[in-house]
Amino acid sequence: MEITFKSFFREELSVKEIQEGMAKGEITSKELVMYYLYRIAKYDQDGPKINSMLEINPDAIFIAEALDNERQLKGVRGPLHGIPVVLKDNIETHDSMHTSAGTIALENNLANQDAFLVEKLREAGAVILGKANMTELANGMSSEMWAGYSSRGGQTLNPYGDSKLFVGGSSSGSAVAVASNFSMLSVGTETDASILSPAIQNSVVGIKPTVGLFSRSGIIPFTYSQDTAGPFARTVEDAAILLGALTGIDKKDVATYKSEGRLHQDYTSYLIPNGLNGARIGIYNNAPKEYYESGEYDEHLFEKAIQVLIEQGATVIKDIEIPSFHRKWNWGVTLYELKHSLDNYLSKLPSHMPVHSILELIQFNKSIEGKALKYGQDKLEKRVEFPKTLRNPEYLNSKIEDLYFSQEQGIDYALKKYELDAILFPSYIGSTISAKAGYPSIAVPAGYMDNGRPFGITFSGTSFSEEVLIKFAFAFEQATKFRMAPKLDEKC
């Protein structure tokens, strides 16, 4: 006998619709959590086996019941009260779930406290539903590894196509869980494209915020300079709600100090349907040749997106110049900082854990080669050779050059020269220059190719311009309503 749910439950529910249903007594958070657990069982772990979820929170139903009770006794904390949220597997939680970054070596790693952003979620009344699969070590493991694969979790699939369709990474599972309606919301992390890429590939909204808007504490690191968490949602409104809940100044993370007076706890006031009217948006479409040959670009859909901007009242400046876009970037920052930051993280793990350094992680993986090294570990082996101190001239020059060329000769140069409010990129081709600058971007669905593959666009801006980007993305979304749910039943 199959489980039946109330008619209220359907795919593509928004946070607002859920809260209205709960307020009217039509549904409860407990029922909502059970609905998503059912879909995870049916489509993620069985049927088409999308495999976006790595671990389920065994206390999720209890948490939902407590929040339902609190709603009756005390009222609602805010828009996330009773709303399920999935976390990428590199974000620490102080509960029964593990934090492994997809590695087998850390599959028994239990954090001794919540990441700062998880504290914020719990305070907001969110239900942490589980941990999402990810590209192992945030794509710091192997140059041959497929996006969405981890030794611990296996391969996450794109719900819109066959098993060979690119799923994007490294926050693969976080994007797919939301796209497949296994959760309302999720949190991913990005160093370069790790939120924007899977958002585009899976037809969801992804916000990569200004570095420092969210705390980095309690997240398994990749770099110091570029790492940030960010929200995934099916709508810009839901992404904006989650964005506001995650902001805050953390005494343990100095990067957040600069956000004082510049962050918002509520970004929903920027959800303006005619927000593109009067905007000046520069179009950058001069990507490397490889991008246009990759199958990720669709000229018709991109031109259609530009036309929407014009129809909504925006002034569009095509073929803008970004002087540093095609420069040969020195990757010294990521190379040196991964060695330093990951070694530091591993060194602080409890004594019973099997690894406490990158070298020990490499040796551990070799000891279980059949399970851990399907794609090898050449990236790790390359990084172990780097010095642990951050005084190397190559590193220091790279750090300075990254900021100078991505900001003064990059994003800010273009914004100032053309008097722009934002820059529009096809897909996520602007991820690297925005990541090196530490600047925000928001990816939104922009249609589907003839083969069904999702296509998207990215609005990018200067430091702490999230409210402007949200305004533009929301107006674009409302004018197009491109997003469609994947047809998972056809895959069963």
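The chat below goes through salt bridges, buried polar side chains and surface patches in a predicted model.

Trainee: How many salt bridges does the structure hold?

Mentor: The count is 19 in this predicted model.

Trainee: Which residue does E12 meet in a salt bridge?

Mentor: R483, with N and O 2.8 Å apart. The pair links distant parts of the chain, 471 residues apart. E12 sits in the segment before α1 (15-23), and R483 in the segment after α16 (466-480).

Trainee: Is R483 buried or exposed?

Mentor: R483 is buried, because its relative accessible area is 14% and the cut-off for buried is under 20%. E12 is partly exposed at 28%.

Trainee: Which residues are linked with E12 in a network of salt bridges?

Mentor: R234 and R483. The network consists of salt bridges linking E12, R234 and R483.

Trainee: Where is the place of R234?

Mentor: R234 is in the loop between β8 (228-233) and α7 (236-246). At 5% relative accessibility, R234 is buried.

Trainee: What does the side chain of R234 make a polar contact with?

Mentor: One such contact is with the side chain of N181, at 3.2 Å. A polar atom of the R234 side chain also lies 3.2 Å from the backbone oxygen of L13.

Trainee: Back to the pairs. Which residue forms a salt bridge with D114?

Mentor: R122, and the closest N and O atoms are 2.7 Å apart. D114 is buried at 15% relative accessibility, while R122 is partly exposed at 25%.

Trainee: Why can side chains of opposite charge pair?

Mentor: Such pairing can happen when the charged atoms come close.

Trainee: And E303, which residue does that one form a salt bridge with?

Mentor: With K318, where the closest N and O atoms are 3.6 Å apart. E303 is in helix α9 (residues 299-311), and K318 is in the loop between β10 (315-317) and α10 (332-347). The two are 15 residues apart.

Trainee: Is K318 buried or partly exposed?

Mentor: Partly exposed, with a relative accessible area of 45%. E303 is partly exposed as well, at 33%.

Trainee: Change of topic. Where is T103?

Mentor: In the loop between β2 (84-88) and α4 (116-124). T103 counts as buried, because its relative accessibility is 1%.

Trainee: What does the side chain of T103 reach?

Mentor: The backbone oxygen of S100, at 2.8 Å.

Trainee: Now the surface. Which residues gather in a patch of negative charge?

Mentor: E144, D378, E381 and E385. Of these, D378 is placed in helix α13 (residues 378-383).

Trainee: Is D378 buried or partly exposed?

Mentor: D378 is partly exposed, because its relative accessible area is 35% and partly exposed lies between under 20% for buried and over 50% for exposed.

Trainee: Which residues make the nonpolar surface patch?

Mentor: I249, V254 and Y257 make a patch of about 280 Å². I249 lies in the loop between α7 and β9 (280-283).

Trainee: What is the relative accessible area of I249?

Mentor: It is 36%, so I249 is partly exposed.

Definitions and conventions:
Residues are numbered from 1 along each chain as its sequence is written. This is a predicted model: local features need pLDDT of at least 70, side-chain atom pairs count only at pLDDT 80 or more; totals for chains, interfaces and linings use all residues. Side-chain values use heavy atoms; hydrogens and water are left out. Patches are made of residues with over 30% relative accessible area and no salt bridge: like charges are joined within 9 Å, nonpolar side chains (Val, Leu, Ile, Met, Phe, Trp, Tyr) within 5 Å. Accessible areas come from the Shrake-Rupley method with a 1.4 Å probe; for residues, only the protein chains shown count as cover. A salt bridge is a side-chain nitrogen of Lys or Arg within 4 Å of a carboxyl oxygen of Asp or Glu. Lys and Arg count as positive and Asp and Glu as negative; His and the chain ends are not counted. The place of a charge is taken as NZ of Lys, CZ of Arg, CG of Asp or CD of Glu. Helices (H or I, at least four residues) and strands (E, at least two) are DSSP runs, numbered from the N terminus. Buried means under 20% relative accessible area, exposed over 50%, partly exposed in between (1.4 Å probe, protein chains only). A polar contact is a pair of N or O atoms within 3.5 Å; within protein, one must be able to donate a hydrogen and the other to accept it, and residues adjacent in sequence count only if both atoms are side-chain atoms.
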